[in-house]
Amino acid sequence: MSDTAHEVSYQVDDLVVSRGLDLDGIDERLWVPQADGVVFRPLIFSVSQGYFVNILRVRRTGTVSRHRHTGPVHAFTLRGRWHYPEHDWWADEGTYSFEPPGDVHTLVVPDDVTEMAALFHATGSYLYVDENGEPTGVEDVFTKLKKAREHYERVGLGASYVEQFIR
């Protein structure tokens, strides 16, 4: 390398989220509303690589959403249980599941579960679809980031609170 050339580093900073998997005893303002009875806690927004990791917490039963993934999704069930009626498996507490891109499924929390929580690592987008498979909305790292920024501003943590999760 010549004396005038500059070395460019593409390495992003480390990210450590203290008590990242805690579901109880943390500031409720950290949970971002997503839908009625559904909140998420961001752990990372990788805008440079197009993925996010968050804990989804559902405090209601029934259908949460019908959707298709454009990229792979990894899930770890931390509390309760959930399933996709389109498949024959259940995600009970402690379960890891992999969801391939392109599959359409409907996340359902059964009536006997008072709270479900799962860590999701999602690359790409969630395309929300109706019963005919027609798109009704989209969610990706950028829409999640916007929602979190607005929520943190609204609850007094400040919009900049979300910056710590961006890589």
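This report describes the strand pairing, the aromatic contacts and the salt bridges of a predicted model.

**Strand pairing**

An open sheet is built from 6 strands in the order β1-β2-β3-β10-β5-β8, with antiparallel pairing. Its edge strands are β1 (32-35) and β8, each of which pairs on one side only. Neighbouring strands in this sheet are turned against each other by 30° on average, direction ignored. At the β8 edge, β5 and β8 are joined in the antiparallel sense over 4 bridges, and H74 stands opposite F98 in β8.

Strand β11 (residues 126-129) takes part in two further pairings. It runs antiparallel to strand β4 (residues 62-69), to which 3 bridges join it; here the bridge partner of H67 is Y128 in β11. Strand β11 is also antiparallel to strand β12 (residues 135-139), with 4 bridges between them. In this second pairing Y128 has G137 of β12 as its bridge partner. Strands β11 and β12 form a hairpin with 5 residues between them, and G133 in the turn has a positive phi of about 85°.

**Aromatic contacts**

The model holds 9 aromatic pairs. One of them is formed by F76 and Y96, whose rings are tilted, at 5.0 Å centre to centre and with 45° between the planes. F76 belongs to strand β5 (residues 73-79) and Y96 to strand β8 (residues 96-99), so this contact ties together parts that are 20 residues apart in sequence. F76 counts as partly exposed because its relative accessibility is 40%, and Y96, at 42%, likewise counts as partly exposed.

Y161 and F165 form another pair: their ring centres are 6.1 Å apart and their planes stand at 70°, so the arrangement is edge-to-face. Y161 is partly exposed, with a relative accessible area of 25%, whereas F165 is buried at 6% relative accessibility. Elsewhere, ring pairs link W82, Y84, W89 and F120 into a cluster.

Charged side chains also lie over aromatic faces. R57 is placed over the face of W31, at 4.0 Å from the ring centre. K144 lies over the face of F40, at 3.6 Å from the ring centre.

**Salt bridges**

The count of salt bridges comes to 12. Three of them are listed below with their N to O distances.

| Salt bridge | Distance, N to O |
|---|---|
| R59 and E115 | 2.8 Å |
| E115 and R79 | 2.4 Å |
| R149 and E163 | 2.7 Å |

E115 appears in the table with R59 and with R79. The pair of R59 and E115 links distant parts of the chain, with R59 in the loop between β3 (51-58) and β4, E115 in the loop between β9 (104-109) and β10 (116-123), and their positions 56 residues apart in sequence. R59 is partly exposed at 45% relative accessibility, while E115 counts as buried at 11%. The bridge of E115 and R79 reaches from the loop between β9 and β10 to strand β5, so it ties together parts that are 36 residues apart in sequence. R79 is partly exposed, at 23% relative accessibility. These three residues belong to a network of salt bridges that links D24, E28, R57, R59, R79 and E115. R57, a member of that network, is the residue that lies over the face of W31.

The bridge of R149 and E163 joins helix α1 (residues 141-154) to the segment after α1, across 14 residues. R149 is partly exposed, with a relative accessible area of 29%, and E163 is partly exposed at 39% relative accessibility.

Definitions and conventions: Residues are numbered from 1 along each chain as its sequence is written. This is a predicted model: local features need pLDDT of at least 70, side-chain atom pairs count only at pLDDT 80 or more; totals for chains, interfaces and linings use all residues. Side-chain values use heavy atoms; hydrogens and water are left out. Two strands pair if DSSP finds at least two bridges between them. Helices (H or I, at least four residues) and strands (E, at least two) are DSSP runs, numbered from the N terminus. Rings of Phe, Tyr and Trp (its six-membered ring) pair if their centres lie within 6.5 Å; planes under 30 degrees apart count as stacked, over 60 as edge-to-face and the rest as tilted. Buried means under 20% relative accessible area, exposed over 50%, partly exposed in between (1.4 Å probe, protein chains only). A charge sits over a ring if NZ of Lys or CZ of Arg is within 6 Å of the ring centre and within 35 degrees of the ring normal. Axes are lines fitted to C-alpha atoms, for helices over the stretch in contact, and angles run from 0 to 180 degrees between N-to-C directions. A salt bridge is a side-chain nitrogen of Lys or Arg within 4 Å of a carboxyl oxygen of Asp or Glu.
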